[in-house]
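I opened this entry to keep track of what I looked up, beginning with charged contacts and going on to pockets.

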Amino acid sequence: MNIMVLSGILMIVVLAILLINGVPIGVTIGIASIAGILPTLNFEAAVVTSAQRIFSGISVFTLLAIPFFILAGNLMNKGGIALRLINLAKLLFGKLPGGLALSNIFANMLFGSISGSGIAAASAMGSIIGPIEKEDGYDINFSAATNIVSAPTGLLIPPSNVLITYSLISGGTSVGALFLAGYIPGILWGIGCIFLGMYIAKKEKYVGTDRPGLKESLKIIWESIPSLLLIVIVIGGIIKGVFTATEASCVAVLYSLLLAILYRSITVKELMQIIRTSAEMTGIIMLIIGTSNIMGWVMSFTGIPEMVSNQILGITGNKYIILLLMNVILLLVGTFMDITPAVLIFTPIFLPICESFGMDPIHFGIMITFNLCIGGITPPVGNILYIGTKVGKTRVEDVIPWVVKYYGVILFVLLLVTFIPSLSLFLPNALGLN
């Protein structure tokens, strides 16, 4: 057996064994990568090479945006933003059938995009609006499922740390273009959930809430404007070239902190805890990115991407069938692997295949992110699923039947995003970023 093939097989086997046994993903990728190096290098050389790859993998200026966006998201999560966005969502959707559930979906789209975290959106929105829905007679499992399935929209609607990671691993695809490309797919995901939620609400006879008076409505809109301005400032600044995505992340932190101070919603002690939590999250992500750089190097010299490409292209040369096959693989991967390592591992494998038949890297980035976002609401990993269930004070097995009802709509939107490139490319092309 060719030693390169042996290296690749050894790496994949070790990766699978460690994942099955629940070893943290960053450690798993690092150990599996070193195992893949050992057939060609001695242990000492393998460790030194791995250390160098980790350092080079995280020594990238663009990655500075990740810790700052994480910090901004955590400040927003604790800074009184969620309640103001929920009030705005209730104003817009509250009168419709199932108004509270629809408000939850829209609020998740807003808060998820501001915080850049599906988990933060599910936690913040579910904990606030869930009890209100229960008081109004909503089935708690329907409420929890609606919260869960709409939370990942914030990973597509910018700013998104996942898209920053993809930009790095895809060879420098424009972060600004990726941010713009995520808008329409993310909004379509949310709209699909809103229509289905309204249909279910009519069937279950969940009525809307009373609309507040003019004075109260104006107050709600006024209080929500500062929160919504963050999106305008960050994305507008990137599009206009006022600052880079990395500089935008710093602006987001300063703006989030300013709002928290104005709202008097965070104490100094809580601020220190937020900084500590953000540092821990950053450390985990950077470890994953660093060790994934080792794996990328191992895959490169073992020829794994080429082998996979040849196998897929050997099945068919039809690009539509290839894209369907990739979607199936990515959906399965997303059920047992977190989104960041999955993007880091599978982008170098699938992107060259897609580029071979003319697929734009921006379009592919949105497609792979959309696929893996679905994994966040799917067991056995499904972090958003478990957080949303816990916040909703129910059980996964009781929520799943309701979540499944939404899968059809979400998968339909995925197919639209996969086979209609303009859904991803219209905004970047219109604003001259692609």
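The notes below take the salt bridges first and the pockets after them.

**Entry 1, salt bridges.** I am working from a predicted model, and I began by asking how many salt bridges the structure holds. I found two salt bridges. In one of them arginine 395 pairs with glutamate 397, where the closest N and O atoms are 3.4 Å apart, and in another the side chain of arginine 395 meets that of aspartate 398 at 2.9 Å, N to O. Since these bridges share partners, I noted Arg395, Glu397 and Asp398 as one network.

I then looked up accessibility for two of these residues. Arginine 395 has 48% relative accessibility and therefore counts as partly exposed, and aspartate 398, with a relative accessible area of 27%, is partly exposed because that value lies between the 20% and 50% cut-offs.

**Entry 2, the largest pocket.** I next asked how much space lies in the largest pocket, and the computed value is about 750 Å³. Its lining comprises 34 residues, and those that lie nearest the centre are Ser117, Ile119, Ile285, Ile339 and Thr340. Sorting the lining of the largest pocket by residue class, I wrote down 18 nonpolar residues, 15 polar ones and one charged.

Which helix gives the most to this lining? Helix 4 does, with six residues. The elements that each supply at least two lining residues include helix 7 (118-135), helix 15 (268-302) and helix 18 (339-356), and helix 19 (361-375) and helix 20 (383-391) are also among them. I checked the domain assignment as well, and the lining of the largest pocket takes at least three residues from each of domain 1 (1-59 + 284-302) and domain 2 (61-266 + 303-431).

**Entry 3, the second largest pocket.** For the second largest pocket I recorded about 470 Å³ of space. There are 23 residues lining this pocket, and Leu15, Leu19, Phe336, Met337 and Ile345 are the closest to its centre. Two or more lining residues come from each of helix 1 (3-20), helix 15, helix 16 (304-315) and helix 18, with helix 1 giving the most, at six residues.

The lining of the second largest pocket divides into 20 nonpolar residues, two polar and one charged. I closed the entry with the domains: domain 1 (1-59 + 284-302) and domain 2 (61-266 + 303-431) each provide at least three residues of the lining of the second largest pocket.

Key: Residues numbered from 1 in each chain as written. Predicted model: local features only at pLDDT ≥ 70, side-chain atom pairs only at ≥ 80, totals over all residues. Heavy atoms only, no water. Salt bridge = Lys/Arg side-chain N within 4 Å of Asp/Glu carboxyl O. Buried < 20%, exposed > 50% of the residue type's maximum accessible area, 1.4 Å probe, protein only. 1 Å grid on protein atoms, 1.4 Å probe; cavity = no way out; pocket = protein on both sides within 12 Å on 5 of 7 lines; lining within 4 Å. Points joined across faces, edges and corners; volume = space filled by probe spheres on them. Helix = DSSP H or I, 4+ residues; strand = E, 2+ residues; numbered from the N terminus. Nonpolar A, V, L, I, M, F, W, Y, C, P; charged D, E, K, R; others polar. Domains from an automatic or database assignment.
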